[in-house]
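Colleague: Got a minute to go through this one with me? I'd like to talk about how the helices pack.

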Amino acid sequence: MTNVTTDEPAGALDTSDVPPVGARELALALKILSAGNGLLLPTVGLSDDDLRRVEQDFWQISPRARIRKVAVLLRFRSFLSACKSRHVSEVIARHGQSAVVMALEVAASMRLNAKWGFNPHKMARAMNEALAAAADSYRGDQYATA
């Protein structure tokens with residue numbers, strides 16, 4: 001058995017597999033992005049200044065540890081990129097705000113490589129599955145109370 005050492009300092013973030021975060025943390029970053037303009041859909045084009053403002057504000061507001069904040073912000077940037085893809089933007093266009101909520105939930109836990117981002121096809125499929133499950137659950141609740 002060989003002993004493998006890494007050059008990464010203790011507590012460094014592995015960008016080949018960014019750890020999961022809470023969907024609420026991503027929602028906070030989206031809320032900061034929207035600041036006073038209603039809730040912006042993540043398919044809207046953003047400038048680097050917009051993203052820097054979100055990152056600076058999130059860094060100040062969030063009480064989390066540094067590595068957790070980095071994970072949230074990496075996931076948020078990848079979330080925004082995936083939302084611009086045809087697959088994800090079509091789901092959002094079809095389902096509106098509920099799809100954005102599902103996209104945040106998926107982005108919070110889906111495997112993420114910071115170099116490549118989210119796979120938009122897998123993200124759209126996960127969103128569609130979650131939306132279908134939520135609709136089935138709603139229909140089941142509706143019939144149970146009738």
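Colleague: Is the crossing of H2 and H3 left-handed or right-handed?
Modeller: Right-handed, for H2 against H3. Bear in mind that this is a predicted model.

Colleague: At roughly what angle do the axes of H2 and H3 cross?
Modeller: Roughly 150°, and the axes come within 11 Å. H2 covers residues 48-61 and H3 covers residues 66-83. Angles over 145 degrees count as roughly antiparallel, so H2 is roughly antiparallel to H3.

Colleague: Which residues in H2 meet H3?
Modeller: From H2 you have Leu51, Val54, Glu55, Phe58 and Trp59. On the H3 side they meet Arg66, Lys69, Val70, Val72, Leu73, Phe76, Arg77 and Leu80.

Colleague: And by class, what does that contact of H2 with H3 have?
Modeller: Nine nonpolar residues and four charged ones, with no polar residues.

Colleague: Sticking with H3, which of its residues are buried?
Modeller: Quite a list: Lys69, Ala71, Val72, Leu73, Arg75, Phe76, Ser78, Phe79, Leu80, Ala82 and Cys83. Lys69, Val72, Leu73, Phe76 and Leu80 also turn up in the contact with H2.

Colleague: How far does H3 reach from its first C-alpha to its last?
Modeller: It reaches 26 Å over 18 residues, close to the 26 Å expected at 1.5 Å a residue.

Colleague: Changing topic, what does the secondary structure of the whole chain come to?
Modeller: Six helices and zero strands, in the pattern α-α-α-α-α-α along the sequence.

Colleague: How much of the chain counts as buried?
Modeller: 32% of the 146 residues. On contacts, among those with a separation of 6 or more, 75% are between residues 24 or more positions apart.

Notes
Residues are numbered from 1 along each chain as its sequence is written. This is a predicted model: local features need pLDDT of at least 70, side-chain atom pairs count only at pLDDT 80 or more; totals for chains, interfaces and linings use all residues. Side-chain values use heavy atoms; hydrogens and water are left out. Axes are lines fitted to C-alpha atoms, for helices over the stretch in contact, and angles run from 0 to 180 degrees between N-to-C directions. Helices (H or I, at least four residues) and strands (E, at least two) are DSSP runs, numbered from the N terminus. Angles under 35 degrees count as roughly parallel, over 145 as roughly antiparallel, 65 to 115 as roughly perpendicular and the rest as oblique. A crossing is left-handed if the near helix is turned anticlockwise from the far one by less than a right angle, and right-handed if clockwise. Contact means heavy atoms within 4.5 Å. Ala, Val, Leu, Ile, Met, Phe, Trp, Tyr, Cys and Pro count as nonpolar, Asp, Glu, Lys and Arg as charged, and the others, Gly among them, as polar. The expected span of a helix is 1.5 Å times one less than its number of residues. Buried means under 20% relative accessible area, exposed over 50%, partly exposed in between (1.4 Å probe, protein chains only).
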